[in-house]
Amino acid sequence: MALDAETREQLISSVRRFVDERLRPIEDKVSESDKVPDEIVEEMKELGLFGISVPVEYGGLGLTMEEECLLMFELGRTSPAFRSVIGTNVGIGSQGIVMHGRQDQKEYWLPKIASGEVIVSFALTEPEAGSDAASLKATAIRDGDHYIVNGTKRYITNANKAHAFTLLARTDPKTPGAKGVSAFIVPRDIPGIHVGKPEKKMGQQGAHICDVIFEDARIPADCLLGDTEGRGFVTAMQVLERGRLHISAVCIGVADRLVEDSVKYAAERKQFGAPIGNLQLVQAMLADSKMEAYAGRCMVLDAARRRDAGEDVATESSCCKLFCSEAVGRIADRAVQVHGGAGYVADYGIERFYRDVRIFRIYEGTSQVQQVIIARNLLKAVS
């Protein structure tokens with residue numbers, strides 16, 4: 001159920017203040033230390049940010065997709081590393097449980113996820129399988145009251161902080177493709193689960209990705225998500241479809257921040273005796289960036305509202321992910337150009353955003369994967 005207008009505005013305003021007063025002042029510190037301070041994480045818990053997508057009956061805020069996107073517009077106005085702290089709990093880590101978990105799994109896990117007591121990661125990607133979940137090689141073989149899990153998961157966000165993993169693994173190696181894949185909710189402390197060191201990345205310092213290796217890990221059979229094997233691919237696709245709208249909203253939040261910073265700099269920086277914002281070629285860059293940010297915002301809100309209304313938005317969510325992730329890359333590039341030499345120097349933070357946004361075109365389905373999804377869905381509709 002959607003929030004009433006007053007409550008929604010209060011929530012959005014509180015997140016906006018949190019971003020402006022607590023997060024933006026420490027962006028450089030987080031980038032340099034590669035760590036979001038513990039006190040900031042605690043404040044995120046107090047704001048309820050870990051549970052915005054968890055139903056109210058399990059301790060979350062139970063926001064609609066539109067409301068979640070509105071919050072991400074605000075949280076995106078700072079370093080994306082902060083959003084990543086809550087990202088897996090809000091999206092790909094928790095939503096498999098929300099959508100397909102048994103009642104006992106929901107009652108046990110979701111209140112802990114919503115409060116931030118438990119961090120849960122989404123263990124899908126492998127060295128040879130990313131967006132193509134049907135090609136997974138990790139196996140979970142039934143052995144009495146347990147499954148024996150073997151395989152390596154790669155680039156798993158928040159894995160070094162995770163208390164549990166939503167795991168996708170092949171329960172029927174003889175069945176190729178999607179039908180042999182199942183989903184599990186797996187506690188991290190099970191013997192045989194090893195988390196690697198955080199990778200050194202191009203951007204988003206403070207957000208961490210690691211390998212997760214399963215070596216003969218015996219997980220209880222009741223870790224199977226839901227009651228039936230072979231539904232893991234469906235879970236993954238539905239979780240990713242929703243997550244693409246979330247990420248699209250984050251892209252637009254960052255885009256808004258970059259437009260804001262570019263306009264401010266163009267109004268203050270003087271060349272030839274006048275602000276560079278008076279120059280028509282600079283104005284063109286500002287206008288193009290604002291246009292793309294606005295178009296992306298409209299796309300995201302339209303798709304979110306359609307999803308809330310019960311429509312199938314598989315195509316629309318991919319359209320949003322493709323457009324918004326590509327657009328924020330162009331906007332970041334223009335922001336560097338508007339700032340000139342200052343845009344290339346770390347002191348202004350623009351070069352950091354330029355690096356930070358590059359991943360948006362890759363994770364939760366690359367731009368090329370989104371193109372394939374969109375085209376296939378269009379062709380399927382006329383076949």
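The exercises below work through a predicted model of one protein chain.

**Exercise 1. Domains and database spans**

Task: State into which domains the chain is divided, and compare the helix and strand content of the two spans that UniProt lists.

Solution:
1. The chain is divided into domain 1 (5–115), domain 2 (120–228) and domain 3 (234–381).
2. In an unreviewed entry, UniProt places "domain: Acyl-CoA dehydrogenase/oxidase N-terminal" at residues 6–117. This span is 68% helix and 0% strand, and its end C-alpha atoms lie 29 Å apart.
3. The record also lists "domain: Acyl-CoA dehydrogenase/oxidase C-terminal", again from an unreviewed entry, at residues 230–379. Here the chain is 77% helix and 3% strand, with 27 Å between the end C-alpha atoms.
4. For domain 2 and domain 3, the centres taken over C-alpha atoms are separated by 30 Å. Contacts between these domains involve 11 residues of domain 2 and 14 residues of domain 3.

**Exercise 2. Helix 10**

Task: Determine how the span of helix 10 compares with the expected value, and whether the helix is largely enclosed or not.

Solution:
1. Helix 10 covers residues 314–339, which is 26 residues.
2. From the first C-alpha to the last, helix 10 reaches 38 Å, close to the 38 Å expected at 1.5 Å a residue.
3. Buried means under 20% relative accessible area. Of the 26 residues in helix 10, 19 are buried, so the helix is largely enclosed by the rest of the structure.
4. Gly340, just after helix 10, takes a positive phi of about 60 degrees.

**Exercise 3. The largest nonpolar core**

Task: Identify the elements and domains that supply the largest nonpolar core.

Solution:
1. The background is that nonpolar side chains in soluble globular proteins tend to be buried together.
2. The largest core has 54 residues, and Met44, Ile86 and Leu258 have the most contacts inside it.
3. Two or more residues come from each of helix 1, helix 3 (38–47), helix 4, helix 5 (80–90), helix 8 (232–268), helix 9 (280–308), helix 10 and helix 12 (350–356). Helix 8 gives the largest share, 10 residues.
4. By domain, this core draws at least three residues from each of domain 1 and domain 3.
5. Leaving aside residues up to four places away in sequence, Ile86 touches Met44, Leu49, Phe50, Met72 and Leu75.
6. Another core, of 24 residues, lies apart from the largest one; among its residues are Tyr58, Ala129, Val181 and Ala236.

**Exercise 4. Salt bridges**

Task: For the pairs Glu74–Arg16, Asp38–Lys35 and Glu311–Arg306, give the closest N to O distances. Add the burial state of Glu74 and Arg16.

Solution:
1. Side chains of opposite charge can pair when their charged atoms come close. The cut-off applied is a side-chain nitrogen of Lys or Arg within 4 Å of a carboxyl oxygen of Asp or Glu. Over the whole structure, 29 salt bridges are found.
2. Between Glu74 and Arg16 the closest N and O atoms are 3.1 Å apart. This pair links distant parts of the chain, since Glu74 is in helix 4 (residues 65–75) and Arg16 in helix 1 (residues 5–23), 58 residues apart.
3. Glu74 has 11% relative accessibility and therefore counts as buried, whereas Arg16, at 30%, is partly exposed.
4. Asp38 and Lys35 approach to 2.9 Å between their closest N and O atoms. Lys35 is partly exposed, at 41%.
5. Glu311 and Arg306 meet at 3.1 Å, N to O. Glu311 is partly exposed at 40%, and Arg306 is partly exposed at 32%.
6. Shared partners join a set of salt bridges into one network, whose members include Glu9, Arg16, Asp20, Glu74, Arg257 and Arg352.

**Exercise 5. Positive phi outside glycine**

Task: Locate Gln204 and Phe272 in the chain, and decide for each whether it is buried or exposed.

Solution:
1. Most residues other than glycine have a negative phi.
2. Gln204 is not a glycine, yet has a positive phi of about 50 degrees. Its place is the loop between strand 6 (193–195) and strand 7 (209–220).
3. Phe272, also not a glycine, has a positive phi of about 55 degrees. Phe272 lies in the loop between strand 8 (270–271) and strand 9 (274–275).
4. The cut-offs are under 20% for buried and over 50% for exposed. Gln204, at 5% relative accessibility, is therefore buried. Phe272, at 78%, is therefore exposed.

How values were computed
Residues numbered from 1 in each chain as written. Predicted model: local features only at pLDDT ≥ 70, side-chain atom pairs only at ≥ 80, totals over all residues. Heavy atoms only, no water. Helix = DSSP H or I, 4+ residues; strand = E, 2+ residues; numbered from the N terminus. Expected span 1.5 Å × (residues − 1). Buried < 20%, exposed > 50% of the residue type's maximum accessible area, 1.4 Å probe, protein only. UniProt positions renumbered as here; feature names shortened; annotations may be inferred. Core = buried A, V, L, I, M, F, W, Y, C linked by side-chain atoms within 4.5 Å. Domains from an automatic or database assignment. Contact = heavy atoms within 4.5 Å.
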